[in-house]
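Here are a few exercises to work through with the model open. Try each task before you read the solution.

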Amino acid sequence: MSERTGLHPSNILSEDIDRASDRDARSMNIAVGRAVADVVKTTLGPRGRDKMLADQGGGLAVTNDGETVLSMMDIEHPAGKIVADVASTQKAEVSDGTTTAVILTGSLLKESERLLDDGIHSTTIERGYHQAIDRVRELLPEIAIDITADSGILQEVAATAMTGKNVDVARDHLSSLVVEAVRTVDQRDGDDIVVESVGSGTPKESELLEGVLIEEERIHDHMPYNIDDPTVLVYGSDLTFDDAQSDPAIDITDPGQFETIIEEEERQFRDMADEVSEADVVLVDGNVDDMVMHFLAEEGVLAFDQVDKEDQRAIVRATDAWVVSDLDELSDSDLGHARSVERRIFGDDEYVAFASDTDPGEVTLLLRSGTEHVGKEMEIAVTDAVDAVEIALEEGAVLPGGGASEIELARQLRSDADAIDGREQLAVEAFANALETIPRTLARTAGRDPIDILTELRTHHAEGAIATGLDATTGDVAEMTARGVVEPLRVKNAAIDSAVDATVTIVRIDDMIAASNFNEPNTDILS
Ligand code: ADP
Ligand code: MG
């Protein structure tokens, strides 16, 4: 049972929407939205707890990631979906900050309900929230700490983003890999860093590969496995002849002719292998004829068949190869080049690592873990960290975490609010309250009394210590920069934007219902 709304999470899974017509539609929507937000609340921060999700087929998943929880829940209620979408939008935009965004939505909904109950119109609330956002945009750069590209803070950004994601044992190791990866591809599109987990080993054995890894086995036992400086051919077709080509309909009258045909066929396959063996490594989209395999092995070529399209694309990027579909038109410039190819074995699976020598190259963060589910959590944590470091590098500044920024924003918004005319002032204050839900929730997960912590934090901030937050790992109030708890501005901005959008959408829904009621015109709309 949710402590706040009195709604059991199962209520938001079933579609009791009809009941909304009996009750006030808007308060039902707000209650559902808040109940969804409450589900992920306890996962926030380093001391956030895991959620176990069970599907009907008996499958289980354990996760600490707010977005994963909500995307796996079967939410049917439209208002619940709006809140769950906040997490997926946040994930798509900046990866990290999904739980924060959802918790903010829940608390903005709660604040909005209070304002609505006090007779404040939803459009006034909306205007007030947007004024608050505008002010947040001005304030965040003032709270931020400038960083440089070679700053050690980048590693702290990575570590903060990986917080609470079950990777604690290897957090230092992983965050230095993440920073190294980002520096290698420096400010290029995030796509250049591939995050890949394999189901064997321990997180500390994770490594950075300058290049890409594909899951493939060579097609012939006599092929070499490790080659330095290879040229690479990506062939987008089959290395076979269809029957019509290889078996011309010759009328065999003389037994000697039979031999000739076989010789002819062999010659054709050998020609094919000869052409292909311009390259040291060949990746074939389709099938390779047994005889061609044999000739290629003889020539010392390493070949793979049935290479899936995604792997082909990765190799094309990593080696600067072109996909060739017609052997007659094959030229040297179509071939890619790698620093080396090397066979890698993880558990029962065989992989090939292509060390890239394009500059700046493709890099792979190869994550190791004993189980698939730890691997999944690691992938999420590391992806969040990669994006956070890239964003921090781009922005050249970071915010103190652990609730410090939220406390500071709330403090300044409250002091500005007095100067705002009209009822929007109340909405700006409500917005400040909502922001404080973040430090409040962090305190609760860390086993500290939220009121004590909030009071203590406010005192520090009033005295000008704007980077003071709650270190949730130790449970004490401290300078967040000294504890290495720092995060990008854009993650915070995105969370606030999507939380306000979702809240306003839900709060407005009642207006639409009221507007369609012709017997009782909505005076606010007419005025
Ligand atoms: P989200 O999905 O919103 O990223 P997380 O579970 O990753 O949720 O928690 C992020 C929050 O945890 C941020 O407010 C961040 O500042 C805070 N945080 C991270 N590390 C610490 C720490 N050591 N102490 C206190 N807060 C922390
Ligand atoms: Mg996070």
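**Exercise 1.** Work out how strand β8 pairs with strand β11 (residues 323-324), and which residue of β11 stands opposite V234.

*Solution.* Start with the direction: β8 and β11 run parallel, and two bridges join them. Strands here are DSSP runs of E, at least two residues long, while helices are runs of H or I of at least four, both numbered from the N terminus. Two strands count as paired if DSSP finds at least two bridges between them. Next, look at V234: opposite it in β11 stands V323.

A word on ground rules: this is a predicted model, where local features need pLDDT of at least 70 and side-chain atom pairs count only at pLDDT 80 or more, but totals for chains, interfaces and linings use all residues. Residues are numbered from 1 along each chain as its sequence is written, chains are lettered from A and ligands numbered from 1 in the order in which they are written, and side-chain values use heavy atoms, leaving out hydrogens and water.

**Exercise 2.** Find how β8 pairs with β9 (residues 281-284) and with β12 (residues 336-346).

*Solution.* Take β9: four bridges link it to β8 in the parallel sense, and V234 has L283 as its bridge partner there. Now β12: this strand runs antiparallel to β8, with two bridges, and G336 is the bridge partner of V232.

**Exercise 3.** Why is β8 largely enclosed by the rest of the structure?

*Solution.* Go through residues 231-235: four of the five are buried, so the strand is largely enclosed. Buried means under 20% relative accessible area, exposed over 50%, and partly exposed in between (1.4 Å probe, protein chains only). For the whole protein, 53% of the 527 residues count as buried.

**Exercise 4.** Lay out the sheet that holds β4, β14 and β5, then say what packs on it.

*Solution.* First the order: β4-β14-β5, an open sheet of three strands with mixed pairing. β4 (193-198) and β5 (207-209) are at the edges with a single partner strand each, so one side of each has no neighbour in the sheet. Neighbouring strands are turned by 25 degrees against each other on average, direction ignored. Then the helix: α9 (residues 171-185) packs on the sheet and touches β4, β5 and β14, its direction making about 165 degrees with that of β14. Touching means contact, with heavy atoms within 4.5 Å; axes are lines fitted to C-alpha atoms, for helices over the stretch in contact, and angles run from 0 to 180 degrees between N-to-C directions.
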